[in-house]
Amino acid sequence: MAQVRIEHLYKRFGDVTAVGDFNIDIQEGEFISFLGPSGCGKTTTLRMVAGFERATEGNIIIDDRIVSSSDQGIFVPPEKRGVGMVFQSYAVWPHMTVAENVGYPLKIQKVPKEERQARVQEMLEMVRLGEYGDRYPNQLSGGQQQRVSLARALVMRPGLLLLDEPLSNLDAKLRESMRFEISAIQKKLGITVIYVTHDQSEAMTMSDRIVVMSMGVVQQIGTPYEIYTRPANKMVADFVGLINFIPAEQKGDRAFIKGTNFSVPYDGAPKDELQIAVRPENITMSVNGGAIAGTIEEFFYLGDSVDYRVLVGDTIIRVIEKGAELGALKIGDKVFLDMDKVMVF
């Protein structure tokens with residue numbers, strides 16, 4: 001296991017700041033995800049931790065060892081940081097067998113052959129490829145090739161494992177199963193993990209804490225529950241999960257949905273464009289009365305739930321209701337909405 005401390009980390013490419021003032025303390029055995037849209041700086045940050053990119057400013061400390069410091073002129077190359085890395089591409093060598101791929105880092109380190117074979121087999125068993133050692137990559141599925149890449153990163157027994165969108169090339173069902181496998185392996189080995197993804201489902205299901213990034217800047221660091229239920233700003237609320245943003249106006253110490261009498265407490269600074277935010281699952285819909293009247297504009301039957309679009313004034317509000325019986329409602333029906341866990345931005 002490894003501790004990681006990142007202090008005031010910057011990466012600039014000319015006049016462009018790709019990562020600005022990134023700070024975090026990662027504890028031993030933590031699973032941390034860097035989450036954000038493409039171009040937000042998450043992969044660049046990971047590559048600086050790995051040593052594939054030099055930081056413009058700041059410090060990176062792994063287990064009390066400074067591996068990068070602009071002030072002190074320290075830069076430890078990737079191969080001397082004791083870090084495992086799994087890339088988006090499988091990066092397995094087609095001319096080597098599975099066992100040879102996994103054992104290659106040990107061979108480079110001149111680990112004795114008998115020990116090397118034992119450690120390779122141990123890792124293959126862990127990633128459920130124990131019987132595939134003699135096969136070549138072209139005889140494996142995409143998911144199996146990614147397991148080979150994972151085993152190769154783990155065979156050196158690193159205290160810190162870095163993963164850069166490792167599941168993005170897999171189909172949806174395989175992605176879901178692999179995320180649970182990676183999480184289980186991480187817990188079994190007790191290693192520290194930094195995981196880069198743009199997929200909020202991956203980050204939410206796997207992480208102890210999530211770092212949400214946008215335009216090179218950290219927007220929020222917190223547990224999945226904190227990120228989802230108490231987003232720090234509109235960007236975080238919009239990126240993580242589904243959410244409605246509804247035009248509102250401030251009257252005294254309350255924010256009212258425009259054109260309605262529905263309001264929630266608000267004592268923030270006056271804004272030209274105030275919005276009430278509420279997640280679809282926190283809206284209750286009824287035909288028998290409620291706080292807000294609306295009309296069903298569209299709906300999508302999903303089996304275990306129905307995804308509605310309800311017109312309230314000039315605004316479409318998305319409502320997700322569980323229960324097949326609600327599929328009996330149709331476009332044009334009058335309904336009423338009640339809201340819970342409302343946020344104001």
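The hairpin comes up first: β4 and β5 form it, with 2 residues between the strands. This is a predicted model, so everything I say about positions is computed. In the turn, aspartate 63 has a positive phi of about 55°. The next aspartate, residue 64, is in the loop between β4 (57–62) and β5 (65–69), and its phi is also positive, near 65°, in a residue other than glycine. Is aspartate 64 buried or exposed? Its relative accessibility is 66%, so aspartate 64 counts as exposed; the cut-off for exposed is over 50%.

On to the strands themselves. β4 and β5 run antiparallel and are joined by 4 bridges. Isoleucine 62 stands opposite arginine 65 in β5. On another pairing, β4 is joined to strand β1 (residues 4–13) by 5 bridges, again antiparallel. There, isoleucine 62 is the bridge partner of valine 4. So isoleucine 62 has a partner named in each pairing: valine 4 and arginine 65. β4 is mostly covered, with 5 of its 6 residues buried.

There is one more positive phi to mention, away from the hairpin. Lysine 110 sits in the loop between α2 and α3, with phi near 60°, and this is again a residue other than glycine. Lysine 110 counts as exposed because its relative accessibility is 71%.

Now the cores. In soluble globular proteins, nonpolar side chains tend to be buried together. In this model the largest nonpolar core has 32 residues. Which residues have the most contacts inside it? They are Val102, Leu150, Leu161, Leu163, Ile182 and Tyr195. The elements that give two or more residues to this core are α2 (98–108), α3 (113–126), α4 (142–154), β8 (160–164), α5 (172–189) and β9. α4 supplies the largest share, 5 residues. A second core, separate from that one, has 27 residues, and includes Val4, Ile6, Val19 and Cys40. Valine 4 is the residue we met opposite isoleucine 62 in β4.

Take leucine 161 as an example from the largest core. Setting aside neighbours within four places in sequence, leucine 161 is in contact with Gly84, Met85, Val86, Leu150, Ala153, Leu154, Ile191, Thr192, Val193 and Ile194. One of these, Leu150, is also listed with the most contacts inside the core.

Last, the rings. A pair of aromatic rings is described by the distance of the centres and the angle of the planes. The count here comes to 6 aromatic pairs. In one of them, phenylalanine 31 and tyrosine 195 are tilted, at 5.7 Å centre to centre with 40° between the planes. How many residues apart are the two in the chain? They are 164 residues apart, so to speak a link between distant parts of the chain: phenylalanine 31 is in strand β3 (residues 31–35) and tyrosine 195 in strand β9 (residues 192–197). Phenylalanine 31 counts as buried because its relative accessibility is 0%. Tyrosine 195 is also at 0%, and therefore counts as buried too.

Two rings have a charge over them. The charged end of arginine 54 sits over the ring of phenylalanine 75, 4.0 Å from its centre. Lysine 234 lies over the face of phenylalanine 245, and here the figure is 4.9 Å from the ring centre.

Methods
Residues numbered from 1 in each chain as written. Predicted model: local features only at pLDDT ≥ 70, side-chain atom pairs only at ≥ 80, totals over all residues. Heavy atoms only, no water. Phe/Tyr/Trp six-rings, centres within 6.5 Å; stacked < 30°, edge-to-face > 60°. Buried < 20%, exposed > 50% of the residue type's maximum accessible area, 1.4 Å probe, protein only. Lys NZ or Arg CZ within 6 Å of the ring centre and 35° of its normal. Core = buried A, V, L, I, M, F, W, Y, C linked by side-chain atoms within 4.5 Å. Contact = heavy atoms within 4.5 Å. Pairing = 2+ DSSP bridges.
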